[in-house]
Amino acid sequence: MIIQNEVRNLFSNTEGIPDGGNVFVYSDQGWMTLSEDGYKTFFGPENEPGPAVSINDFPEEERGNVWENFIKCIRSRKLEDLDCDILEGHMSTALGIWE
């Protein structure tokens, strides 16, 4: 299966991404949008909605502000203040460069 990954920083089409994000296209099986607001899936030629998760589906205490945490860690100079492991963050953001 070929996976096509597109990153959109500006509004382009009505694919369910209001402020840009990622579009993953899975051939004729369907596709998924991923943004800071959550993800949505669509299936078949009619783009029938599939499973979706919104940021609001998570408890507020689990919705940390990654930039706030990053700046706080820079100021404290303490690795243990990070909310997420560095390698996990790298693997999450490196998807677009994998071949």
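These legends accompany a set of close-up views of a predicted model.

**Figure 1. The whole chain, with two helices and five strands.** Let us start with an overview before zooming in. Followed along the sequence, the protein chain reads β-β-β-β-β-α-α. It has 99 residues, and 17% of them are buried. The accessible surface of the protein chain amounts to about 8,200 Å², and carbon and sulfur atoms account for 56% of that area. If you like contact maps, take the contacts between residues at least 6 apart in sequence: 9% of these join residues at least 24 apart.

**Figure 2. Strands β3 and β4, joined by a hairpin.** Here we look at β3, which covers residues 30–35, and its partner β4, which covers residues 38–43. The two strands run antiparallel and are joined by six bridges. One pair to look for is Leu34 with Tyr39, its bridge partner in β4. The hairpin passes from β3 to β4 through two residues.

**Figure 3. Strands β4 and β5, with four residues between them in a hairpin.** Moving on along the chain, β4 meets β5, which spans residues 48–54. This pairing is antiparallel, with five bridges. Within it, Phe42 stands opposite Pro49 of β5. The hairpin is a good place to check backbone torsions: Gly44 takes a positive phi near 75 degrees. Asn47, found in the loop between β4 and β5, also merits a look, with a positive phi of about 55 degrees although it is not a glycine. Asn47 is partly exposed, because its relative accessible area of 36% lies between the limits of 20% and 50%.

**Figure 4. Asn69, a buried residue in helix α1.** Helix α1 takes in residues 66–76, and Asn69 is one of them. Is Asn69 buried or exposed? Asn69 counts as buried because its relative accessible area is 11%, and the limit is under 20%. Leaving aside residues up to four places away in sequence, Asn69 touches Asp81, Leu82 and Asp83.

**Figure 5. A nonpolar patch on the surface.** Five side chains are worth displaying together in this view: Val66, Trp67, Phe70, Ile71 and Ile74 form the patch. Together they have about 540 Å² of accessible area. Val66 is found in helix α1. Why does Val66 count as exposed? Its relative accessibility is 60%, and exposed means over 50%, so Val66 falls in that class.

**Figure 6. Arg77, in the loop between α1 and α2.** This close-up offers another backbone to inspect. The phi of Arg77 is near 60 degrees, a positive value in a residue other than glycine. Arg77 is exposed, because its relative accessibility of 76% is over the 50% limit.

**Figure 7. Helix α2 and the contact at its start.** To finish, we turn to helix α2, residues 86–93. How many of its eight residues are buried? The count is zero, and the helix is hardly covered. At the start of α2, look for Asp85: one of its side-chain oxygens reaches to within 3.1 Å of the backbone nitrogen of Leu87.

Note on methods:
Residues numbered from 1 in each chain as written. Predicted model: local features only at pLDDT ≥ 70, side-chain atom pairs only at ≥ 80, totals over all residues. Heavy atoms only, no water. Buried < 20%, exposed > 50% of the residue type's maximum accessible area, 1.4 Å probe, protein only. Contact = heavy atoms within 4.5 Å. Polar contact = N/O pair within 3.5 Å; in protein donor to acceptor, adjacent residues only side chain to side chain. Patch = residues over 30% accessible without salt bridge, like charges linked within 9 Å, V, L, I, M, F, W, Y side chains within 5 Å. Areas by Shrake-Rupley, 256 points an atom, 1.4 Å probe, with all protein chains shown as cover. Salt bridge = Lys/Arg side-chain N within 4 Å of Asp/Glu carboxyl O. Pairing = 2+ DSSP bridges.
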